[in-house]
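User: Hi! I'm new to reading protein structures and would love to go through one with you, question by question.

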Amino acid sequence: MYYIPFQAIEELVIIVIIGVFAGIIGALTGIGGGGILTPFLVLFFGVPIPYATGASYIATIATSSGAASAYVRDRITNVRIGTGLQVTTTAGAIVGSLTAFYIYSHSLDFLIYIIFGIILFSNIPSMLYRRRYELPSKKPADFTTRIFKLNGAYYDPVLQREVNYIGRRWWLASLIMFFAGIISGLLGIGAGALKVLAMDWAMNLPIRVSTTTSNFMIGVTAAAGSSIYWLFGYIQPFIAAGTAIGVTIGSYYGTKILMKITSRTIRNIFTVLLVYIGTEMVLRGIYRLGIFFPLYFEYLIPLVAALIFVFIIFYIIK
Amino acid sequence: MSVKDRKFDIIISEILRIGVILSIVLITLGLLLMFSKGGGLNLPLQAITSSNSKFNSSLINIYSLTGVASFDGVSYIILGLLVLISIPIVRTFISLVHYIIEKDVVYIILTIIVLINILFAIFFLPFII
């Protein structure tokens with residue numbers, strides 16, 4: 001006698017829907033989307049944290065490959081810059097994995113979370129300041145611009161013209177990428193937000209190029225961690241399957257949306273995410289320090305903070 | 001941006017697109033097979049779909065893929081996930097080929113370092129940490 005497994009189908013549908021949302025955000029902002037996915041899986045489905053981590057890992061790869069196809073074809077992603085910066089990100093991820101045991105056995109992980117959160121917060125003012133420019137202000141090229149060929153061009157769908165840009169300070173971006181890699185290796189999170197900041201703030205690339213190139217890069221960082229996630233049993237096939245399908249659909253729509261919105265809107269969405277992830281990281285750091293609070297606070301407080309911030313940027317400091 | 005750059009952008013874009021579609025088709029097919037057969041890899045559906053399921057990737061190895069021949073849903077899901085994970089690595093190899101053809105020494109070196117890092121992280125790292 002065969003019965004229809006309604007419960008499993010319902011769960012699958014909901015995972016796919018959340019995945020679609022995570023995929024859209026990931027494709028627009030260049031972050032992995034795990035930060036959005038994990039709270040839902042943990043709080044609403046009681047998915048154990050390792051499986052939720054595995055799901056956000058799958059989401060990162062799916063959002064990267066799903067969106068990159070369109071972005072690379074339209075030349076918005078700068079493949080050369082993305083590949084070059086992978087050197088320090090992947091090296092950082094290895095260093096992070098190797099030092100993880102030391103960090104955890106000395107209970108220093110709280111510090112990493114808090115530092116990461118503070119770095120994200122500290123970038124909010126400059127993000128807000130640069131909202132007023134559709135494209136970054138022209139800055140002089142330096143020696144890395146020539147050596148690493150950091151120039152590029154793309155057709156901006158909103159400005160409706162070809163935009164030429166140059167990148168600079170490759171060394172500084174590489175240093176930030178190294179740190180982003182360490183965080184990925186240590187904490188098992190994508191640190192896509194830091195990658196965007198490295199290209200936007202350090203290299204002065206257009207925000208559209210920074211978010212899509214970060215999106216392109218996070219897939220490789222994640223792929224480097226694949227055997228660790230796999231062997232440690234983080235990947236639950238059913239949850240991973242639903243996530244992969246949802247996120248891929250979402251990232252496809254995300255690429256369509258990115259072509260229609262202004263750089264200002266991209267910055268707004270990204271800055272709100274900085275508030276959300278920054279708060280989440282600081283809270284997690286405090287929790288690891290031994291100050292305990294109910295688990296849902298870790299997701300609820302960032303959500304409230306993000307909503308208040310949305311109100312502030314739209315009504316107070318337009 | 002040279003004509004070759006443009007050509008390779010299109011090649012990378014197509015590889016990504018085909019890879020993602022292939023992976024999603026395999027995963028969807030796997031889910032349909034798993035639901036219609038009421039499970040997979042000798043496990044009942046409930047044991048696979050419950051959120052606290054003990055069934056995870058640590059129990060999955062190369063032999064889990066043998067179910068592909070007998071239309072085992074879980075095997076198809078695993079194959080789809082493996083395809084998805086391998087896409088970024090394949091893509092990096094294509095970039096290497098691009099830079100070799102262009103004789104772009106700086107980026108040949110950078111891409112080789114990236115590939116060494118990735119392969120080190122995949123094949124050695126889990127066993128030394």
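Analyst: Happy to. One term before we start: helices are DSSP runs of at least four residues, numbered from the N terminus. Also keep in mind that this is a predicted model.

User: Cool. In which helix of chain A does Ser251(A) lie?

Analyst: Look for the run of residues 237–258 in chain A, which holds Ser251(A). That helix is H12.

User: Is Ser251(A) buried or exposed?

Analyst: A residue counts as buried under 20% relative accessible area. Ser251(A) has a relative accessible area of 0%, so the label is buried.

User: Which residues does Ser251(A) contact, leaving aside its neighbours within four places in sequence?

Analyst: Contact here means heavy atoms within 4.5 Å. With the neighbours within four places set aside, Ser251(A) is in contact with Gly23(A), Ile24(A), Ala27(A), Ala62(A), Thr63(A), Gly66(A) and Ala67(A).

User: Where is confidence highest in chain A, and where is it lowest?

Analyst: Start with the whole chain: the mean pLDDT of chain A is 86, and 99% of its residues reach 70 or more. The lowest confidence in chain A is in helix H2 (residues 34–45), with a mean of 78. The highest, at 92, is in H12(A).

User: What about Thr89(A): buried or exposed?

Analyst: Thr89(A) has its place in helix H4 of chain A. Beyond four places in sequence, Thr89(A) is in contact with Met177(A), Gly181(A), Lys195(A), Met217(A) and Thr221(A). Its relative accessible area is 0%, so Thr89(A) is buried.

User: And which residues does Asn123(A) touch, not counting those up to four places away in sequence?

Analyst: Asn123(A) sits in the loop between helix H5 (109–122) and helix H6 (124–129) of chain A. Even in that loop, Asn123(A) is buried, at 11% relative accessible area. Not counting residues up to four places away, Asn123(A) touches Leu197(A), Trp201(A) and Leu274(A).

User: How many Å apart in space are Asn123(A) and Pro294(A)?

Analyst: In sequence, Asn123(A) and Pro294(A) are 171 residues apart. In space, going C-alpha to C-alpha, the distance is 29 Å.

User: What is the phi of Ser107(A)?

Analyst: Some background helps here: most residues other than glycine have a negative phi. Ser107(A) is in the loop between helix H4 (79–105) and H5 of chain A, and at 46% relative accessibility it counts as partly exposed. Although Ser107(A) is not a glycine, its phi is positive, at about 50 degrees.

User: And how does Arg169(A) count for accessibility?

Analyst: You'll find Arg169(A) in the loop between strand E2 (161–166) and helix H8 (170–187) of chain A. Arg169(A) isn't a glycine, but has a positive phi of about 50 degrees. Its relative accessibility is 23%, so Arg169(A) counts as partly exposed.

User: Zooming out, what is the radius of gyration of chain A?

Analyst: Chain A has 14 helices and two strands. Its C-alpha atoms fill a box of roughly 65 × 50 × 45 Å along the principal axes. For 318 residues, a compact globule would come out near 20 Å, and chain A agrees with that, at 19 Å.

User: What share of the residues in chain A is buried?

Analyst: Here's a related number to start with: among contacts in chain A between residues at least 6 apart in sequence, 79% join residues at least 24 apart. As for burial, the count runs over the 318 residues of chain A, and the buried share is 62%.

User: Now chain B: what is its radius of gyration?

Analyst: From the N terminus on, the elements of chain B run α-β-β-α-α-α-α, which gives five helices and two strands. The globule rule gives 14 Å for 129 residues, and chain B is well over that, so it is more spread out than a compact globule. The radius of gyration of chain B is 19 Å.

User: Last one: how far apart are the centres of the positive and negative side chains in chain B?

Analyst: On the outside, chain B exposes about 6,300 Å², with 74% of it supplied by carbon and sulfur atoms. For the charges, there are 8 positive and 6 negative side chains in chain B. The centres of the two sets lie apart by 6 Å.

Technical notes
Residues numbered from 1 in each chain as written. Chains lettered and ligands numbered in written order. Predicted model: local features only at pLDDT ≥ 70, side-chain atom pairs only at ≥ 80, totals over all residues. Heavy atoms only, no water. Buried < 20%, exposed > 50% of the residue type's maximum accessible area, 1.4 Å probe, protein only. Rg over C-alpha atoms; globule rule 2.2 N^0.38 Å. Areas by Shrake-Rupley, 256 points an atom, 1.4 Å probe, with all protein chains shown as cover. Lys, Arg positive; Asp, Glu negative; His and termini not counted. Charge placed at Lys NZ, Arg CZ, Asp CG, Glu CD. pLDDT = per-residue confidence, 0-100.
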